Amino acid sequence: MPLAAALLALALAGPATGQESPPLVGDRPDFTESTETIPRGRLQLETGVTRSAADDAEEIAAGEVLLRIGLLSRLELRVLVGSYVSTSLPGAGPDPDGLADPAIGIKVKLTDGEGARPAVALLLGTSIPIGSDELSDDEAVPDAKLALAWQLTERWGLASNINYARAVAADGTGGVDRFDQGSWSLSGAVALGGPWGAYLEYFGISKEEPGGDAVHFFNAGVTYLVRDDLQLDGRVGRELEADDPGWFAGVGAVVRW
């Protein structure tokens, strides 16, 4: 939960005197990516597990491993390890499971926020189609994300993402179709006091397959800052405007060295 984690860590840190590390800011558990980058020479590992269900199918994704490496003061390398995914499809034959495609990318922080002016970061990346046969997209999926964040008060913050991906979907003949996929989000975060933070978030995806309709989601979560370089999190969410809405829930952690 990027913004809530930042607010909480700032509140706990107190004066900067003698502080060796900046506040811990993760890019999980919400959909919205933060505008913050990892300090140069530092490593940050983010991981978790999510259970989801939609249209009578259930899925567990274990791993969700994102390794963030600080290259420069405003530039980080991002390595996403493909999660192990187990899917239950009643009446559809053998249930697919295996490793999802990994991905690699960078984040660069462009500006700091001040007053009504947001902090801004740009994320560029691509998947690498080497996952398990039943789960791989078979082709690389490049994406770009514009991250924005506003510090409203000492406790409250707001963040938003505007994203684009050149996505793929199976065409039914063993090949894939390319299509343009947009997504967006708005996340409000609050430092609850002590080690706790929370957020509420809306996000949407323009379509999940060529010719598909937009899908919209709401989710909420909490973080618990165990110590300066370790944070735990949990989240729950559901699809909006659907006859049989899907849902998801997960837990995870962020650790920094």
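Strands here are DSSP runs of E of at least two residues, numbered from the N terminus. The model is predicted, and the chain averages a pLDDT of 90, with 91% of the residues scoring at least 70. Over residues 5-19 the pLDDT is below 50, although this stretch has 31 contacts in the model beyond near neighbours in sequence. Where pLDDT is low, the predicted coordinates should not be read in detail.

**Overall fold**

The chain holds 1 helix and 14 strands. Its radius of gyration is close to the value from the globule rule for 257 residues, so the chain is as compact as a globular protein of that length. Of the contacts between residues at least 6 apart in sequence, 51% join residues at least 24 apart. Whole-chain values are listed below.

| Property of the chain | Value |
|---|---|
| Radius of gyration | 18 Å |
| C-alpha box along the principal axes | roughly 60 × 35 × 30 Å |
| Buried share of the 257 residues | 42% |
| Exposed area | about 12900 Å² |
| Share of exposed area from carbon and sulfur atoms | 60% |

**Nonpolar surface patch**

On the surface, L192, W196, V222, Y224, V226 and L232 make up a nonpolar patch, and their accessible area together is about 500 Å². Strand β12 (residues 215-227) contributes the largest share of this patch, 3 residues. W196, one of the patch members, lies in strand β11 (residues 196-205). The relative accessibility of W196 is 41%, so W196 counts as partly exposed; that class lies between the cut-offs of under 20% for buried and over 50% for exposed.

Definitions and conventions. Residues numbered from 1 in each chain as written. Predicted model: local features only at pLDDT ≥ 70, side-chain atom pairs only at ≥ 80, totals over all residues. Heavy atoms only, no water. pLDDT = per-residue confidence, 0-100. Contact = heavy atoms within 4.5 Å. Patch = residues over 30% accessible without salt bridge, like charges linked within 9 Å, V, L, I, M, F, W, Y side chains within 5 Å. Areas by Shrake-Rupley, 256 points an atom, 1.4 Å probe, with all protein chains shown as cover. Salt bridge = Lys/Arg side-chain N within 4 Å of Asp/Glu carboxyl O. Helix = DSSP H or I, 4+ residues; strand = E, 2+ residues; numbered from the N terminus. Buried < 20%, exposed > 50% of the residue type's maximum accessible area, 1.4 Å probe, protein only. Rg over C-alpha atoms; globule rule 2.2 N^0.38 Å.
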